[in-house]
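Open the model in a viewer and keep the selection panel at hand. The stops below go from the whole chain to single residues.

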Amino acid sequence: MTEATHDVIVIGGGPAGSCASNLLAQAGVDTVVLEREHFPRFHIGESLLPFELGVLGRLGVNLDEGPFLRKRGAVFIDERTGRRTLFSFDEGLPGTPTHAHQVERSKFDHTLLLAARRAGADVREGFEVTAFDIGEDRVEVEVCERESGAASRLRARYLVDATGQQALLARTGKTVEPFREFGRAAVFRHFHGLAPAIVEELHERGDIIVKLIEDGWMWLIPLASGDLSVGLVKAKGKVEPALLDREIEESPLIQRLTAGAQASAPTMIGNYSYKNTRPYGQRFACIGDACAFLDPVFSSGVSLALAGGERLADILAPALAESREQDPELMKALGSHMAVAYEAFSRFIQRFYNTGLIDNVLLAEQHPSQTFRSGVISVLAADVWRDDNPFQQMLMAARRPI
C-alpha cells in the first residue's frame, strides 16, 4: 500500500471542502482533497445568499461570469389567505450585499472545485476514504480509488471533514444530534420546458418563492437554464411524492408557472436537521454539513459551508506555519464564530415552525420600523455577524434556545 504525507487532508469537495482547500493552498499549505464522486454531480440546494459574495471573491469565483441567475430577494406567499411579501436584499442593513444567485449545484460545486485546483490544492476525484485514524502526532486515512480499486494510505498533520450529510466523523463517532422540531424530509421535482413568458417573468428578479403550506413550506427556484425547481418540506406527517404532487395540483401559482412543462421524476431527501456535538478536536475539524445541517427554509446551507471553510483556513494556515496544529482547542474560535450563525438561523427556523413569526414578520404588511424590516432582510441574506440588527437581537433574546 503506497503512502504519502501532506499538511492537510480534506475529505469532501463540496462548497465547504473546496473553500477551505482553496484558501489553504493560497496560503502555501500542502492540501489534498479526497472526493469520492466525479464532478459535476447532481446536488440539491440551488438558492444562494448574498453573504457568499465576499467569500467567493477570495476564492477567485465570479458567478456573474458563469451559467447562474442573479437572485435579488425572496418572496413569501400563502395562497390560502392571499398574503404575499417581498424581501429585497437591497433593502437590508447598510453593508449587506444586494444580491445573490440561483445555481445548478452540479455546475456551482464544480466551479468551486476547479477554483481550488487552480489555487494549488491537490484535488483527487473518485477517491473514497475507507478508514481513518487521528493520532496525537498525525492523522492517517486509507483511500480506495473507486475505478481501479487501488488502495493507498495518506498521512497529514491535520484532517478536515467536509463530507456533507455523510458526516463521516460524526456518524462514525456517534455524535449526531437531531433537531426534532425542524423539517423532517423533502421531496422535489424539476420542471423543464417552461413557457418563454414564464421564464422571463421568473428571471426578471430571480427571486426564490417560499410558498407556505400546512405544517411546512415549498420552494420554487428559477434556474438560469430555464428550469424551475419545486420542492416541499414538512415538519409533521409523512413526506412523499404524492403529497408534493397534490400541493402542485392544488396551487394556482404553480399550475400557472408550470403549464405545459415536463416534470422530472421525484427525489426524496431524508436525514434532516442535525448537529455534530463534537465538531473539532486534536488535529481535526468538521465544516459544512459535516458540522451541522439546518432546515433549508432560509437557504443557509452554502453560506454556512463557505463561512466555516473560510474561518477554518484562516485559523489553520498560521497554526501549521507555527506548528500549533496539535492543539485540541485550536478550532475553538471557529466554533464560536459559527455558533453565532447556527444559533441565529436555528432560532429563526424554530420560530418559523412553532410561533407566529410567519404572520407577524414574514407576511406582515408593516414592521415595527424600517430598521427592523432591514434587519429581517439582513438575516435572510446570512449577514449575521454584526451587532446592529434589532431583528437578530430579538431572535437571540428569545427564551427558548435551540
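The tour starts with the overall fold, then visits the nonpolar cores and one helix.

This is a predicted model, in which local features need pLDDT of at least 70 and side-chain atom pairs count only at pLDDT 80 or more, while totals for chains, interfaces and linings use all residues. Residues are numbered from 1 along each chain as its sequence is written, and side-chain values use heavy atoms, with hydrogens and water left out.

**Whole chain**

Show the C-alpha trace: along its principal axes it spans about 60 × 45 × 40 Å. The radius of gyration is 21 Å, which agrees with the value near 21 Å for a compact globule of 402 residues (taken over C-alpha atoms; the rule is 2.2 Å times the number of residues to the power 0.38). Colour by secondary structure to see twelve helices and 21 strands (DSSP runs, H or I of at least four residues for helices and E of at least two for strands, numbered from the N terminus). Of the 402 residues, 57% count as buried (buried is under 20% relative accessible area, exposed over 50%, partly exposed in between, with a 1.4 Å probe and protein chains only).

**The cores**

Select F298, L312, F352 and L362, the residues with the most contacts inside the largest nonpolar core, which has 119 residues. Such a core is a set of buried Ala, Val, Leu, Ile, Met, Phe, Trp, Tyr and Cys residues joined through side-chain atoms within 4.5 Å. Helix 8 (residues 301-321) gives the most to this core, with twelve residues.

Now centre on L312. Leaving aside residues up to four places away in sequence, L312 touches A20, L24, V160, A285, I287, M331 and L334 (contact means heavy atoms within 4.5 Å). Apart from the largest core lies another, of 24 residues, including I77, A185, I198 and M218.

**Helix 11**

Select residues 370-380. Is helix 11 enclosed or open? Nine of its eleven residues are buried, so helix 11 is largely enclosed by the rest of the structure. The buried ones are F372, R373, S374, G375, V376, I377, S378, V379 and L380. To see what covers them, add strand 4 (73-78), strand 5 (83-88), helix 9 (332-354), helix 10 (357-362) and helix 12 (390-396), which are among the covering elements.

Q370 also belongs to helix 11, but Q370 is partly exposed, with a relative accessible area of 48%. Draw a distance from its C-alpha atom to that of G92: the two are 278 residues apart along the chain and separated by 9.6 Å. Finally, step just past helix 11 to A382, which takes a positive phi of about 65°.
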